[in-house]
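The exercises below ask you to work from atoms to descriptors, and each task is followed by a solution that proceeds step by step. Please look over the sequence and the coordinates before you begin.

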Amino acid sequence: MVAIRDTHSKKKFDLDVWINSLHQINESDRTVLVDTFNYCTKLSDDPNVTHKLQSRSAEMIGILLTIHMDLATLQVAILYNYYTENLLSISRVEEDFPKLIVSIMKGAIDMEAIRFLQNMGDEVTDNQIDNVRRMLIAMVEDIRAVVIKLSERIAYLREVKNADEETRVLTAKEISAIYAPLANRLGIGQLKWELEDLSFRYLHPDIYRQIAKQLDEKRIDREEYINNFVQELKELLKHAGIEAEVYGRPKHIYSIWRKMQKKNLDFSELYDVRAVRIITQELSDCYAALGVVHTHWHHIPKEFDDYVANPKPNGYQSIHTVVLGDGGKPVEIQIRTEKMHQNAELGVAAHWKYKENSKSNDTAYEERIAWLRHLLSWQEDMVESGTLVDEFRTQVFEDRVYLFTPKGDVVDLPAGATPLDMAYSIHTNIGHRCIGAKVNGKIVPFTYQLQTGEQVEILTQKEPNPSRDWLNPNNGYLKTSKARSKVAAWFKRLEREKNLIAGREIFERELERNGVILDKEKLQKYLVQACQRHNLVNVDDLMVNIGSGVIKINQLISFLELGNKTAADEDQSILERFEKNSVLSNSGEKAKSSNNIIINGVGNLLIHLCKNCCPVPGDDITGFITQGRGVTIHRLDCSKLADQKKKSPERIVEASWAVSYSQGYTITVRITASDRPGLLRDITTVIANEKVNVLGIQSKSNVKTQTANIDINMEVYNISALTRIISKLNQVDNVISAKRL
């Protein structure tokens, strides 16, 4: 359970008693803190206000001391509370305190801008953007400002414990959404845990109490078990000549709940309720200790993680393993060096003196600072396109992928990023000139989603030539707002006439792709309404904005609410186009559709996949021209296709998969198995390991036969992936058969 530090909610705060209890700092520093408190006390005549602010300041200082912050940070923690109560101005601080105090104080004040991130929508003011920018700059200039703000939020979380429910919930939502992920991204684990646990306590009080009760019910037995385990482990390490500190580590309720949700486990099934940590001096001792542990106790292979060789995105390093102790009870063991431990607990807070120590080569710390600087490097483009807030959220909260260039440099991108995203992250001009990419030596499409550890080579041409299609989110070419803003900026610089022509072409092509036919009068009416919505003077301005990428075409089509063609019109149109292109069909020429499917002789048709046979890339397919719904793609063995061939053989058209495809296809796999506890968990684990997106699961059990039928709707990308998944599902214990419907 999270260790809640001492609070100062007594009726009377005794400054002298509290100061004398601070054994972590020397006498001269304690004197400076007393002087700062006395300076602030004179700012208010209300003893209740003075008590509240002194208590809160003492609370923050207690938090900051646990992560070894310096005297200047502690002083600012006191001053900051009086500033937030409008009792102290920054100009007065400039008059009465050194430049270092003033600098950190301004940074802490600028950190208030982070609160805008929760409420910012698509429309943001220049002032809000400027506040966020100043906050980012403050974070880069002096990380102590961030730590002060995090400690203030923890102190406030404790303070609202007895407040009304609405206040507690709103505070917890803000902190869990903004500050806890920020602490995690900066690697400050010691603050992250308390931000998460207290927020979780307010947002889900019943679940929190339930887990806390389950932890407390067998606490004495568990502590005795861990103490015996630790003592035995110490003797084994000592006998092996390994110098290490061994102790049981505290449990955090939020992390327990999150693991229960992620792995769909009951509390009794968790492996790390009993947990031990080994702290060594040298890296080699970590692996030596791991060898001792695995030699003496049986370990669970699937629960082993080496975050030393493969650090987490925030720089966290440790070896995790689970072994079976006496009585077959699982015990989680974390093994790390002292430096890794300090980094895990303190993160960038352990390096607040980085400016004074330019020779430091701490890679994890430098990467986190580089991340902040990286975010600032393209802020001007993001401000132009209104995506600064989205990018900040992406950079802080989403998972990351780490990629290698051919020279061995590491590129850090959000999960789901494409080769084009990487090209633009390296340099704007490389993105503009990109014509392809190789991943691990093989050519991949622009829509390929990069994975951690892959080596990516960007192929370029001499002249820049971005495509407007890259701006359409439906096409999947770009994931990051940075890259899209670079492309949009390129087209914004083109002449108005070029954008006008391009915008009309995009609009007309999108109308045709959606199968929309309207008379000129009705279309003009819709376009005028769209101009009014975007505050544009005329339709030409609307087309210029489409051509430059300012207005997204899919948003415009959605707004227009254009009517569909009649079934008869659509049917006639398709048949005419098919007849017109029959010559091309005979010559073997092919045109590519927008759905990664090639139709002989007919291009740009409306296509959908048969829901009866659900074809995926790799299946042998053919097309059937429907009445009013374009071309339906069937597997050759589809029963529905056989009936259609008999009735209307003239509507059959040859079809094949495109060479490159990246779109997901929905299929259903039916699993028949002997019912048993944990069956569904084992099945979903197999699917999760294959990184397949599950869209839905239906399960029915037959009590008489003790069997279960499980239908799983999933998204796959090709027939080989589907075959591999079905093969692995058939290997799961008690599974009788797994087959595609």
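Accessible areas here come from the Shrake-Rupley method with a 1.4 Å probe, and for residues only the protein chains shown count as cover. The model is a predicted one, in which local features need pLDDT of at least 70 and side-chain atom pairs count only at pLDDT 80 or more, while totals for chains, interfaces and linings use all residues. Residues are numbered from 1 along each chain as its sequence is written, and side-chain values use heavy atoms, with hydrogens and water left out.

**Exercise 1. Overall description**

Task: Determine what the accessible surface of the protein comes to, and what share of it belongs to carbon and sulfur atoms.

Solution: The accessible surface comes to about 37600 Å², and 47% of this area belongs to carbon and sulfur atoms. As a next step, count residues as buried when their relative accessible area is under 20%, as exposed when it is over 50%, and as partly exposed in between (1.4 Å probe, protein chains only); buried residues then make up 48% of the 741 residues. For secondary structure, take DSSP runs numbered from the N terminus, with helices being H or I runs of at least four residues and strands being E runs of at least two, which gives 31 helices and 21 strands. Finally, with a contact meaning heavy atoms within 4.5 Å, residues 24 or more positions apart account for 67% of the contacts with a separation of 6 or more.

**Exercise 2. A network of charged side chains**

Task: Find how many salt bridges a search of the whole structure gives, and establish which residues are linked with Lys52 in a network.

Solution: The criterion is a side-chain nitrogen of Lys or Arg within 4 Å of a carboxyl oxygen of Asp or Glu, and the search with it finds 16 salt bridges. One of them joins lysine 52 to glutamate 85, with the closest N and O atoms 3.5 Å apart. This pair links distant parts of the chain, since lysine 52 is in helix α3 (residues 47-66) and glutamate 85 is in the loop between α4 (71-84) and α5 (90-96), 33 residues apart. Lysine 52 is partly exposed at 32% relative accessible area, and glutamate 85 is likewise partly exposed, at 29%.

Another salt bridge brings together glutamate 159 and arginine 56, at 2.9 Å from N to O. Here too distant parts of the chain are linked, with glutamate 159 in helix α9 (residues 144-159) and arginine 56 in helix α3, 103 residues apart. Glutamate 159 is partly exposed at 37%, whereas arginine 56 is buried at 8%. The residues linked in the network of salt bridges are Lys52, Arg56, Glu85 and Glu159.

**Exercise 3. A salt bridge within one helix**

Task: Decide whether lysine 192 is buried or exposed, and locate the partner of its salt bridge.

Solution: The partner is glutamate 196, the closest N and O atoms being 3.3 Å apart. Both residues lie in helix α11 (residues 189-203), four residues apart, which is about one turn of the helix. Lysine 192 is buried, with a relative accessible area of 10%, and glutamate 196 is buried as well, at 9%.

**Exercise 4. The geometry of α10**

Task: Work out what distance helix α10 reaches from its first C-alpha to its last, and at which residue α10 bends.

Solution: Helix α10 (residues 165-185) has 21 residues, and the expected span of a helix is 1.5 Å times one less than its number of residues. The helix reaches 29 Å, close to the 30 Å expected. Taking the bend as the angle between axes fitted to the seven residues ending at a position and the seven starting there, α10 bends by about 40 degrees at serine 176. At the start of α10, a side-chain oxygen of aspartate 164 comes to within 3.3 Å of the backbone nitrogen of glutamate 166. Buried residues of α10 include Thr171, Ile175, Ile178 and Leu182. After the helix comes glycine 187, whose phi is positive, near 75 degrees.

**Exercise 5. Positive phi outside glycine**

Task: Determine where asparagine 86 is found, and where asparagine 440 lies.

Solution: Most residues other than glycine have a negative phi. Asparagine 86, although not a glycine, has a positive phi of about 60 degrees; this residue is found in the loop between α4 and α5 and is exposed at 71% relative accessible area. Asparagine 440 has a positive phi near 55 degrees, and its place is the loop between β9 (434-439) and β10 (442-444).

Methods
A polar contact is a pair of N or O atoms within 3.5 Å; within protein, one must be able to donate a hydrogen and the other to accept it, and residues adjacent in sequence count only if both atoms are side-chain atoms.
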